[in-house]
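Please open the model in your viewer and keep the sequence panel beside it, since this tour moves from one selection to the next. At each stop you will be told what to select and what is to be found there.

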Amino acid sequence: MRRLVILSVWVLFPWLFVCSQTPVYKDAGQPVEKRVNDLLSRMNLREKVLQLNQYTFGENDNPNNIGKEVENLPAEIGSLIYLSIDPQLRNEIQRKAMEESRLGIPILFATDVIHGLRTVYPISLAQACSFNPDLVTRACRMAAKESVLSGINWTFSPMIDVARDPRWGRISECYGEDPYLNAVFGVASVKGYQGEKLSDPYSIAACLKHYVGYGVSEGGRDYRYTDISPQALWETYLPPYEAGVKAGVATVMSSFNDISGIPATSNHYLLTEVLKDKWGHDGFVVSDWNAIEQLIYQGVAKDRKEAAYKAFQAGLEMDMRDNVYGEYLEELVSEEKIQMAQIDEAVSRILRVKFRLGLFDKPYVEELPEKERYLQKEDITLASDLAEESMVLLKNENSVLPLSSSIKRIALIGPMVKDSSNLLGAWAFRGRAEDVETIYEGMQKEFGDKVQLDYAQGCALDGEDESGFFTALETAKASDVVVVCLGEAKQWSGENASRSTIALPSIQEKLLLYLKQANKPIVLVLSNGRPLELMRLESQVEAIIEMWQPGVAGGTPLAGILSGRVNPSGKLSVTFPLSTGQIPIYYNMRQSARPFGAMGDYQDIPTEPLYPFGHGLSYTTFVYSDAKLSSSKIKKDQKLIAEVTVTNAGKVEGKETVLWFVSDPVCSISRPMKELKYFEKQSLKVGESKVYRFEIDPMRDLSYTDATGKRFVEAGEFVVWVGNQKLTFEVVD
Ligand code: GLC
């Protein structure tokens, strides 16, 4: 009888038995949290610990990250830094995890897609100069697609470390010196990478890094101590991360630096109390490369086991590369120094991201031929558009630019004219020099049939060989205008690329000064990954264009700016000091106690920087007028509307970014002289006027934070700065 009942149930409801055979965690119809908990309940300790580890696969091409490879890759490894772009190979590794392991948990494949994978676009410091976050979102979306097609489901990007010391090579990787700018572009990047849903076919998990304060590395040296007050933490360095977490970022990477005595890697306050308890981040934290083991060098762990213990107890879920967790977590659990519940909490965070990415349901990526994966026409156009909007016209004396149509010969001189590889910038490991359009190629397309282009390299990027100077001078003499292209090698910025001076190598300066003998107008073009010291060059040239490191498509935008086909619209995301000696110098400093002339400043050089944050010229003239506020007095819970009318009073169409700053002249704590709180970029035709509007929310825009992150709005006078206009108003209780 019993058999008859079972048989009839089987016949009537076959799905009942099928479902009862399919574990909940493998059932795509189940809620993520149910799948996480079901899978967790099936895992043994070793399987859990392996989820908390990330190894690498492939030839490590980052010379800064040395260390031996893990011998044989366990099928249960949580994540791999995948140093290849072959989707088929990646699927073979994934198949091992899905089919050879007991539970079939997919591997999370990661890599550094920082400013493009194969279609490389401008470095982040340049992207921020576009003041066009929507364009950056589109670029990141494109990079995400190329990543998925290469087998990558997680990028260690965006880097949102506020940086104010250009001796630090990694300033090239962030969005400049301002917290709000890093927040806006960090969120724009997260949206691009993660799309509407993490499970969308071409979405990848993003990773805010390096949490936190890495940009304050002492003296601009890398990996160093950072002395950050709680006030500075909350006012300057944490806001971009809070914005990124609120935007739903899947992961966060802790930073190398020691934060006032407690390294980020073992900083419970930041990794748990702030990131998870206060902000509610429900993804996971990955360490930086070997950073857990590095706690030993930083003097807070006596050995690898103690390092594992301290990092894990702080709330660091995944160990990148040094296998410290893989070696010691089980032992620490057996000694009851770490509770299984803590392990489960950490593992569940990693599983949650994998489920949200859809990796359990779609563990494999499509295997397209290389030419269908990269460098699609529309993507190169996108990279070019972003490069165009990132370039900054720093100087344009006597309107030497755009170049006059009467010009018949242009001398193109300098080590960057035909350079391709260095235009990619740092962290573009999958980019290829042959994909790059050089300055020379861009100029040929723009001018080739109308103007004679004469090229001379003049000198190398560095060294003492002046043998090319004479030919360069002769080339210059025969021309109507000299375009000198100088700059940095891509490895001079990025990780482990600190420099004691931000001046160009002297050979490059000497070349430019030597060319003065030609008595021709000189346009200086710069391709670099940090602000440069230009104090000896600026007065020697009529115009300066900062093209940054534009990636694969910089030649045409630059040529377009020189010809006038493009009206430059970039504004600096970072201050250009007059000299290295001025560092640190940034726009939102606090007022001197004696702000009278040069009192207290260096007595041997001017006080002002060469080019301030927000500086950028146009070929047209934008007139700001009729700046006004909706009220001269508001209560703390009331909004205030600030408006300004901008008119294109010049002869060409252009894009103008209006930057809105606020200041609080008198407050319980001192406040920066100015703080950027909003910006907007619009195109204006010749003669067109547009109203730019900023809705001020006192708690968001006027508040200050105390050392615990609590925000306060204080009654009193405030100032809104827009263009050359200053508007004051009062906040009352
Ligand atoms: C590096 C960098 C980090 C990068 C990671 C993986 O050391 O600090 O930005 O994402 O290791 O390559």
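Helices and strands are here DSSP runs, a helix (H or I) having at least four residues and a strand (E) at least two, and they are numbered from the N terminus. Please keep in mind throughout that this is a predicted model.

**First stop: a loop and a helix**

Begin by selecting Lys26, which you will find in the loop between α2 (14–21) and α3 (32–42). Lys26 counts as partly exposed because its relative accessibility is 45%, and partly exposed residues are those between the 20% and 50% limits. If you add Cys459 to the selection and draw a distance between the two C-alpha atoms, you will span 62 Å, for a pair that is 433 residues apart along the chain.

Next, select Arg42, which is found in helix α3 and is partly exposed, with a relative accessible area of 35%. Adding Tyr25 gives a pair that is 17 residues apart in sequence, with 9.7 Å between the C-alpha atoms.

**Second stop: the ligand**

Now select the ligand and show the residues around it. Which of the 13 residues around the ligand come nearest? They are Asp112, Arg170, Lys209, His210 and Asp288. By class, the shell around the ligand is made up of six nonpolar, two polar and five charged residues.

Three of the side chains can be inspected one after another. Start with Asp112, where a polar side-chain atom lies 2.5 Å from an oxygen atom of the ligand. Continue to Lys209, whose side chain has an N or O atom 2.8 Å from an oxygen atom of the ligand. Then turn to Asp288, where the separation between an N or O atom of the side chain and an oxygen atom of the ligand is 2.6 Å. Taken alone, the ligand exposes 310 Å², and the protein buries 99% of that area. If you display cavities, the largest cavity is the space taken by the ligand.

**Third stop: two cis peptide bonds**

Before selecting the next residues, it helps to recall that most residues other than glycine have a negative phi, and most peptide bonds are trans. Select Ser157 and Pro158, which are joined by a cis peptide bond with omega at about 15 degrees. Pro158 has its place in the loop between β4 (154–155) and α8 (179–194).

Then move to Tyr211 and Val212, where the peptide bond from the one to the other is also cis, with omega near 5 degrees. Val212 is placed in the loop between β5 (207–211) and α9 (230–237).

**Fourth stop: two positive phi values**

Select Arg321, in the loop between β10 (319–320) and α13 (324–334). Its phi is near 90 degrees, a positive value in a residue other than glycine. Is the residue Arg321 buried or exposed? Arg321 counts as buried because its relative accessibility is 5%, and the limit for a buried residue is under 20%.

Trp427 is the next selection, in the loop between β12 (409–413) and α17 (439–447). The phi of Trp427 is near 55 degrees, again a positive value in a residue other than glycine, and Trp427 is buried, with a relative accessible area of 9%.

**Fifth stop: a lysine side chain in a strand**

Select Lys395, which is found in strand β11 (residues 392–396) and is buried, with a relative accessible area of 8%. Show its side chain together with the backbone of Glu538 and Val541. The side chain of Lys395 reaches the backbone oxygen of Glu538 at 2.7 Å, and the backbone oxygen of Val541 is reached at 2.8 Å.

**Last stop: two pairs across the sequence**

Select Thr272, which lies in helix α11 (residues 268–278) and is buried, with a relative accessible area of 15%. Thr272 and Ala314 are 42 residues apart in sequence, while their C-alpha atoms are 6.6 Å apart in space.

Finish with Lys677, whose place is in strand β21 (residues 675–684) and which is buried, with a relative accessible area of 15%. Adding Leu181 shows a pair that is 496 residues apart in sequence, with a C-alpha to C-alpha distance of 8.7 Å.

Conventions:
Residues are numbered from 1 along each chain as its sequence is written. This is a predicted model: local features need pLDDT of at least 70, side-chain atom pairs count only at pLDDT 80 or more; totals for chains, interfaces and linings use all residues. Side-chain values use heavy atoms; hydrogens and water are left out. A residue is near a molecule or strand if one of its heavy atoms lies within 4 Å of it. A polar contact is a pair of N or O atoms within 3.5 Å; within protein, one must be able to donate a hydrogen and the other to accept it, and residues adjacent in sequence count only if both atoms are side-chain atoms. Accessible areas come from the Shrake-Rupley method with a 1.4 Å probe; for residues, only the protein chains shown count as cover. On a 1 Å grid over the protein atoms alone, a cavity is a set of points where a 1.4 Å probe fits but cannot get out, and a pocket is an open set with protein on both sides within 12 Å along at least five of seven lines; lining residues have an atom within 4 Å of a point. A molecule sits in a cavity or pocket if more than half of its atoms lie within 2 Å of its grid points. Ala, Val, Leu, Ile, Met, Phe, Trp, Tyr, Cys and Pro count as nonpolar, Asp, Glu, Lys and Arg as charged, and the others, Gly among them, as polar. Buried means under 20% relative accessible area, exposed over 50%, partly exposed in between (1.4 Å probe, protein chains only).
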